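Trainee: Could you take me closely through one part of this model, and then show me how its surroundings fit in?

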Amino acid sequence: MIVLGIETSCDETAAGIVSCDAPGEGRILSDVIRGQVEEHRAFGGVVPEIAARAHVEVVDTVVQAAMQDAGLTFADLDLVAATAGPGLIGGLLVGLTTGKAVASAARLPFRAINHLEAHALTARLTDGVDFPYLLLLVSGGHSQFILVEGVSRYRRWGTTIDDALGEAFDKTAKLLGLGYPGGPEVERRAATGDATRFAFPRPLADRPDLAFSFAGLKTAVRLAALQTDPLDDQAIADICASFQAAIADILAIKSARALARFRDETGSDTPALVAAGGVASNTAVRAALERTAREAGGRLVVPPPRLCTDNGVMIAWAGAERAMAGLDDDPGLTARPRWPLDADAAPLVGHGRLGVKV
Ligand code: KG4
Ligand code: ZN
């Protein structure tokens with residue numbers, strides 16, 4: 001089965017093609033990603049309207065490039081898939097409409113994909129990970145633990161009650177006057193910093209659940225920056241290193257707890273912890289997760305950075321996995337800004353800029 005996947009939920013316009021021979025077995029035929037960092041840089045974050053417009057302008061050429069790279073025509077495809085949510089509504093509509101149009105013109109089946117499910121299943125394509133496994137998704141929009149039991153079988157064990165982790169990196173970078181996107185810049189500065197200079201909090205670390213909270217940490221960083229004089233390059237490096245150390249600690253503590261629960265519930269002595277999302281490419285974060293997984297008798301799996309962040313390949317792959325599993329979508333499925341993977345998970349009362357976080 002050959003599948004085209006289209007991703008436009010945030011600030012990446014992406015199209016990828018995979019071929020899938022059996023459940024959990026696939027090959028990447030093409031992978032085209034057009035970012036929008038330049039369009040958003042002046043604003044220090046993604047501006048939804050600018051993102052939507054940028055998607056409209058390039059989505060057709062991105063899809064075309066993916067077809068060309070794979071050396072295929074639409075007639076060679078078996079399925080078209082596009083992200084339907086969660087994400088920014090303008091961008092979602094662009095990708096979804098494009099995918100449905102291609103499917104309709106080429107008389108192909110179409111599948112609307114949950115972006116989180118695509119992140120969740122990527123490690124099966126890249127590393128052949130078997131079900132069940134534990135997913136830690138840490139991106140600009142999400143910070144969640146998800147038990148992945150099978151295709152379409154997800155249980156959310158914990159999520160953030162305020163900011164997403166990538167958002168915390170971006171906001172920290174912004175208030176320190178560093179560039180956008182903030183995560184890589186904070187990591188770069190942290191490399192020459194003293195992680196013990198500032199004692200930042202580890203929010204919710206002492207709570208027995210798997211919830212995250214990063215708003216308080218962000219405030220602590222702001223106070224440290226205000227109270228440090230001079231706020232020179234070394235001070236900024238020290239703040240970045242101390243912030244990153246706090247994050248690594250929080251993730252290690254919560255992951256150890258999640259892995260213990262995984263062992264209890266699945267009976268597995270060799271749990272696979274899969275990390276995905278932009279923050280998973282942070283070296284300090286990876287080292288902390290690697291250590292934690294090893295101590296739990298398991299292993300850490302992190303797809304390569306290009307497939308860890310937003311891409312079209314993961315959407316194509318999720319489409320293939322769903323098709324292989326015989327799951328049919330409602331073809332009328334429309335764009336959904338909020339779309340939790342686990343419909344049974346209790347809604348959270350935490351608030352973000354856009355309202356209640358799910
Ligand atoms: O998964 P992603 O590319 O996009 C979505 O949000 O879906 O994640 C982007 C986020 C941004 O907040 C960015 O600052 C963060 O991931 N990020 C990092 C690093 N690289 C990207 N955070 C910490 N360290 C990094 N090296
Ligand atoms: Zn994503």
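Mentor: Gladly; what follows is a walk through one sheet, then its helices, and finally a few points elsewhere in the chain.

First, the ground rules. Residues are numbered from 1 along each chain as its sequence is written, and chains are lettered from A and ligands numbered from 1 in the order in which they are written. The model is predicted, so local features need pLDDT of at least 70, side-chain atom pairs count only at pLDDT 80 or more, and totals for chains, interfaces and linings use all residues, while side-chain values use heavy atoms and leave out hydrogens and water.

Our part is an open sheet of 5 strands with mixed pairing, ordered β8-β7-β6-β9-β10. Helices (H or I, at least four residues) and strands (E, at least two) are DSSP runs, numbered from the N terminus, and two strands pair if DSSP finds at least two bridges between them. At the edges are β8 (153-159) and β10 (299-301), each of which pairs on one side only. From one strand to the next, the twist averages 25°; axes are lines fitted to C-alpha atoms, for helices over the stretch in contact, and angles run from 0 to 180 degrees between N-to-C directions.

Strands of a sheet pair through backbone hydrogen bonds, either parallel or antiparallel. Here β7 (residues 143-150) is antiparallel to β8 over 6 bridges, with I146 opposite R156 in β8. On the other side of the order, β6 and β9 are parallel over 4 bridges, and L137 has A276 in β9 as its bridge partner. β9 and β10 also run parallel, joined by 3 bridges; there V274 is partnered by V301 in β10.

Now look closely at β9. This strand is mostly covered, with 5 of its 5 residues buried; buried means under 20% relative accessible area, exposed over 50%, and partly exposed in between (1.4 Å probe, protein chains only). In a regular strand the side chains alternate between the two faces of the sheet. In β9, A272, V274 and A276 point one way and L273 and A275 the other, and all are buried.

What covers the sheet? Helix α8 (residues 233-266) packs on it and touches β6 (133-138), β7, β8 and β9 (272-276), its direction making about 155° with that of β6; contact here means heavy atoms within 4.5 Å. α8 has 34 residues and reaches 48 Å from its first C-alpha to its last, close to the 50 Å expected at 1.5 Å a residue; the expected span is 1.5 Å times one less than the number of residues. After α8 comes G267, whose phi is positive, near 75°. Helix α9 (residues 283-295), for its part, lies across β6, β9 and β10 and runs at about 140° to β10.

Between α9 and β10 there is a loop that holds G298. G298 counts as buried because its relative accessibility is 17%. Leaving aside neighbours within four places in sequence, G298 is in contact with T270, P271 and A293.

For context, 5 strands form another open sheet of mixed pairing, in the order β3-β2-β1-β4-β5. In that sheet, β1 and β4 (residues 79-85) are parallel over 4 bridges, and L4 stands opposite V80 in β4. Helix α2 lies across β1, β2 and β3, at about 35° to β2. α2 (residues 48-70) is kinked by about 45°, with the kink centred on V58; the bend at a residue is the angle between axes fitted to the seven residues ending there and the seven starting there. V58 is among the residues of α2 that are buried, as are H55 and M67.

Last, the cysteines. A disulfide is a pair of cysteine sulfur atoms within 2.5 Å, and the count by this rule comes to 0. C308 has its closest cysteine sulfur in C10, 15 Å away, which is too far for a bond. C308 counts as buried because its relative accessibility is 1%, whereas C10, at 26%, counts as partly exposed.
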